[in-house]
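Please work through the exercises below with the sequence and the model open beside you. Each task is followed by a solution that proceeds step by step.

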Amino acid sequence: LLSAVADYRITGNKRSCINALHAANILAGRFNPAGGFIRAWGCEGSSEKSGWMIIDCLMNLPLLYWASEETGDPRFSQIAANHADTAMKAFIRGDGSANHIVEFDPASGEMIKSYGGQGYGEGSSWTRGQSWGLYGFMLSYLHTQNNAYLETAERIANYFIANIPDSGLIPVDFRQPAEPLWYDDTAAAIAACGLLEIAKEVGDLEKELYERAALKLLH
């Protein structure tokens, strides 16, 4: 969530509430109803990348859920859920890995293709994107109690855990070449946060699995 929301919650600062709701309105204004996604980049008056959606945006959705809770207007949370639903269908592969960027036809909403983005290449597995996915879907579950989001977070988490090296150091891409070897501590930290949130919502056996993986990443 934005620091403005935190300030409003802690201090009751009305200006921070106004700023946060303004941001929520701007974010909601980037929603494409045809494709059911929030546009990632570019000015609204520009056609460049107007159909592009990225896995990172899952982490922005709590602002919209909060705005609905604060105002009583369901449109914000409806946009957030629509975006999460589209991400489930278009980003998460059968093995639990995730795309970084997916392009849609902005007029029809039809999926055109996926891009490698910040990963090693098209069809690869950018680890920070994996962590946005597992944490982001978990946050949507906490706000909606939609079990599909929890199940998706677990699918991504299980894929992530299966690919953690013995060292516990997370590469930039799970499918990058052996050399040069690049690490992404940010991906590890985000994944640890998501894994600990998932652990709170599952049975004891799974809880131990997710907590143990999170602690390995943190260490």
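**Exercise 1: a nonpolar patch**

L169, L181 and Y183 together make a nonpolar surface patch of about 270 Å². This is a predicted model, in which local features need pLDDT of at least 70, side-chain atom pairs count only at pLDDT 80 or more, and totals for chains, interfaces and linings use all residues. Residues are numbered from 1 along each chain as its sequence is written, and side-chain values use heavy atoms, with hydrogens and water left out.

Task: State where L181 is found and how its accessibility is classed.

Solution: Begin with the patch rule, under which patches are made of residues with over 30% relative accessible area and no salt bridge, like charges being joined within 9 Å and nonpolar side chains (Val, Leu, Ile, Met, Phe, Trp, Tyr) within 5 Å. The accessible areas come from the Shrake-Rupley method with a 1.4 Å probe, and for residues only the protein chains shown count as cover. Next, locate L181 in the loop between α6 and α7, where helices (H or I, at least four residues) and strands (E, at least two) are DSSP runs numbered from the N terminus. Finally, apply the classes, in which buried means under 20% relative accessible area, exposed over 50% and partly exposed in between (1.4 Å probe, protein chains only); L181, at 43% relative accessibility, counts as partly exposed.

**Exercise 2: the surroundings of D184**

Task: Determine whether D184 is buried or exposed, and name the side chain with which its own side chain makes a polar contact.

Solution: D184 also lies in the loop between α6 and α7, and with a relative accessible area of 5% it is buried. Its side chain makes a polar contact with the side chain of R128 at 3.0 Å; such a contact is a pair of N or O atoms within 3.5 Å, where, within protein, one must be able to donate a hydrogen and the other to accept it, and residues adjacent in sequence count only if both atoms are side-chain atoms. If residues up to four places away in sequence are not counted, D184 touches T127, R128, I170, P171 and V172, contact meaning heavy atoms within 4.5 Å.

**Exercise 3: salt bridges**

Task: Count the salt bridges, and then describe the pairs formed by R75, R175 and R212.

Solution: A salt bridge is a side-chain nitrogen of Lys or Arg within 4 Å of a carboxyl oxygen of Asp or Glu, and by this rule the count comes to 7. In one of them R75 pairs with D73, the closest N and O atoms being 2.6 Å apart; R75 is exposed at 55% relative accessibility, whereas D73 is buried at 18%. The side chains of D95 and R175 meet in another, at 2.8 Å from N to O. Because D95 lies in the loop between α4 (75–91) and β4 (101–104) and R175 in the loop between α6 (147–162) and α7 (185–199), this pair ties together parts that are 80 residues apart in sequence. D95 is partly exposed at 42%, and R175 is likewise partly exposed at 33%. R212 bridges to E208 with the closest N and O atoms 3.4 Å apart; these residues are 4 apart in helix α8 (residues 204–218), so about one helical turn separates them.
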